[in-house]
Each structure stands twice: as C-alpha cells, then as structure tokens.
Amino acid sequence: KMKAIGFKTSLPITEEESFIAFETPKPVPGERDVLVKISAVSVNPVDFKIRQNSTKDTVLETPKIIGWDAVGIVEAVGEKVSLFKVGDEVFYAGDITKQGSNAEYQVIDERIVGRKPKSLSLEESAVVPLTGLTAWEILFDRIRINPEKDKGKSILIIGGAGGVGSIAIQLAKKVAGLTVIATASRPETIAWCKEQGADYVVDHRNLIASVQEAGFQQVDFILDFVDTNAHWDTMVELIKPQGHIASITGSSDPVALNKLKNKSASFSWELMYTR
C-alpha cells in the first residue's frame with residue numbers, strides 16, 4: 001500500500017476534510033507506463049480548480065487524488081517501456097485522466113515524461129513542467145516563433161511575474177532572442193521580471209502609455225497571462241500589423257476578433273494537453 005492525499009467532495013479549503021490523508025493500493029504500471037516514487041510536487045491553478053469543482057454535488061466512496069507537476073525516481077516499468085529504466089530521475093506535468101501525484105507513487109505514460117534536469121534541485125524541477133510546457137507551446141507551437149527569422153522582434157508579456165510569465169520571459173529572451181517587455185507594478189515583481197531577463201518592465205495599469213514610454217509604438221507579439229477581454233482593446237491597439245496575440249486565460253464572453261481585421265493580425269488560444 002501507499003500513503004496519499006485526496007478528497008471525497010469539493011469543500012472550502014478551510015474545512016478539515018477538504019483534503020484527507022489515507023492509504024490505497026500502490027498502482028501497477030500499464031505496458032507504456034512507468035511507476036514513479038514521488039520526490040516532490042508543486043501546486044498549480046489546475047489543482048484548486050479541480051478540487052473546487054470536480055466533486056461539487058457528490059461524495060465519492062474512494063478519495064480522489066489530484067496533483068500534476070511531479071519529480072521522482074522510476075521504480076518499475078511496463079513491458080513496452082523503452083525510454084526509461086528503473087532508477088532514472090524524471091519529471092512530468094501529469095495526466096488529468098489518471099491518479100494524481102499527491103501520493104507516494106504514481107503511474108504515468110513514458111511518452112509524457114522527461115528526465116529531471118541535472119542542474120535543478122528537486123523543488124525547482126517540480127515547478128517546471130506545467131508552466132514550462134505552457135510557455136514553450138504558446139511561443140513555439142501557437143505563435144510559431146522562429147529564433148532565426150524572428151530574433152530581435154518585440155514581445156509584450158502581460159503577467160510577467162506569474163508562473164507561466166516567468167518562464168516565458170526566459171524562453172523569449174534566451175531561446176528566441178526577442179526583445180522582451182513584461183508587465184509588473186510592485187517593486188519586487190519588477191525586480192523579478194528583470195532578473196528573468198526582461199529588457200523592459202511596464203505598468204499594466206496604464207499599458208499603452210507605459211509601452212510607448214519604453215520606446216515601442218507597437219509590438220510584434222503579445223502574450224496574455226491575465227485576462228483576455230480586460231486587455232483586449234489595449235492588445236489590439238499595441239499589436240503590429242500581421243502580428244500575433246496569444247492567451248491562456250480563456251473568456252466567458254466572446255472575444256471581438258473582428259477588431260484584428262484591419263491589421264491582419266492573428267490570435268491563438270493555448271491550452272496544454274491539446275496535442
């Protein structure tokens with residue numbers, strides 16, 4: 001058996017039974033799965049969203065185990081596993097269809113697992129997968145930035161000090177070679193964005209004027225990690241003709257894409273697990 005943490009119903013986090021510690025059988029890997037002994041996990045917005053909403057009107061017989069980002073050591077492999085062996089240190093962003101990482105052991109398909117970076121600690125490795133993959137996909141899969149062709153172009157990152165924003169700044173600067181403008185307003189978040197590699201840090205509360213004061217009338221690319229509709233008119237004004245805007249934040253109201261027509265600009269959503 002193994003120890004795990006889960007919940008039977010969606011309760012406010014202040015409630016004692018919003019999480020339950022319990023014991024459950026250790027999972028058995030399928031033919032393409034690896035069994036990982038968990039060393040560290042991290043908590044992301046997906047964790048609290050699933051905990052708040054997945055069991056609202058029901059009480060489960062067996063507690064639901066959530067948890068996505070994880071790092072650990074391969075303890076067993078399925079019969080068709082070819083990418084990893086017992087003893088390998090790995091990290092991954094999890095699988096919403098399987099038992100989560102808030103447990104001593106987890107099974108995960110080897111095809112969505114990577115080797116833990118040697119240069120990062122366990123804690124550092126555990127916070128990378130979801131944010132790192134989201135940032136990578138929005139830059140290189142959605143906008144399809146080409147470091148050779150696009151080097152030196154400008155990108156505005158709205159929400160630069162958040163989890164995805166922090167990684168996006170680093171990738172945009174160090175991998176894509178872009179000129180990075182990030183939003184932040186507090187002294188500590190401004191300093192953080194600069195530490196990640198932002199060339200300019202601007203104030204989201206007066207974004208158009210702040211970007212223009214930094215020397216940019218318009219920018220080539222915009223990433224929104226805060227609120228698509230709240231910043232929509234601002235992004236439409238700041239994007240260059242034939243530029244590209246991408247967002248992870250979703251919207252309960254329709255997005256006015258027609259406002260991009262006169263610039264032949266593009267817009268993409270980014271959501272992990274859609275490959």
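This report walks through a sheet, two of its helices and a handful of ring contacts in a predicted model.

## The sheet

Start with the open sheet: six strands, paired in parallel, in the order S10-S9-S8-S11-S12-S13. Strand S10 (200–202) and strand S13 (266–269) sit at the edges, each pairing on one side only. Ignoring direction, neighbouring strands here are turned by 20 degrees against each other on average.

For one pairing in detail, take strand S8 (residues 154–158) and strand S9 (residues 179–183): they run parallel and are joined by four bridges. Isoleucine 155 is the residue that stands opposite valine 180 in S9. In general, strands of a sheet pair through backbone hydrogen bonds, either parallel or antiparallel.

## Helices H3 and H8

Helix H3 (residues 129–142) packs on this sheet, where it touches S8, strand S11 (219–224), strand S12 (239–247) and S13. The direction of H3 makes about 145 degrees with that of S12.

Then there's helix H8 (residues 228–238), whose buried residues are Thr228, His231, Trp232, Thr234, Met235, Val236 and Leu238. Those buried residues pack against S8, S11, S12 and S13, and also against helix H7 (207–213). At the start of H8, look at aspartate 227: one of its side-chain oxygens comes to within 3.4 Å of the backbone nitrogen of asparagine 229.

## Aromatic pairs

Searching the whole structure turns up five aromatic pairs. One of them is phenylalanine 7 with phenylalanine 19, an edge-to-face pair at 6.3 Å centre to centre, with 75 degrees between the planes. Both residues lie in the loop between strand S1 (2–6) and strand S2 (20–24), so the pair ties together parts that are twelve residues apart in sequence. Phenylalanine 7 counts as buried, because its relative accessibility is 0%, while phenylalanine 19 is partly exposed at 31%.

Over at S13, the ring centres of phenylalanine 267 and tryptophan 269 are 4.9 Å apart; their planes make 80 degrees, so this pair is edge-to-face. Phenylalanine 267 has a relative accessible area of 18% and is buried, whereas tryptophan 269, at 41%, is partly exposed. Ring pairs also bring in Trp232, giving a cluster of Trp232, Phe267 and Trp269. Trp232 is one of the buried residues of H8 already mentioned.

## A charge over a ring

One last contact to check in the viewer is a lysine and a tyrosine. Lysine 26 lies over the face of tyrosine 105, 4.3 Å from the ring centre.

Methods
Residues are numbered from 1 along each chain as its sequence is written. This is a predicted model: local features need pLDDT of at least 70, side-chain atom pairs count only at pLDDT 80 or more; totals for chains, interfaces and linings use all residues. Side-chain values use heavy atoms; hydrogens and water are left out. Two strands pair if DSSP finds at least two bridges between them. Helices (H or I, at least four residues) and strands (E, at least two) are DSSP runs, numbered from the N terminus. Axes are lines fitted to C-alpha atoms, for helices over the stretch in contact, and angles run from 0 to 180 degrees between N-to-C directions. Contact means heavy atoms within 4.5 Å. Buried means under 20% relative accessible area, exposed over 50%, partly exposed in between (1.4 Å probe, protein chains only). A polar contact is a pair of N or O atoms within 3.5 Å; within protein, one must be able to donate a hydrogen and the other to accept it, and residues adjacent in sequence count only if both atoms are side-chain atoms. Rings of Phe, Tyr and Trp (its six-membered ring) pair if their centres lie within 6.5 Å; planes under 30 degrees apart count as stacked, over 60 as edge-to-face and the rest as tilted. A charge sits over a ring if NZ of Lys or CZ of Arg is within 6 Å of the ring centre and within 35 degrees of the ring normal.
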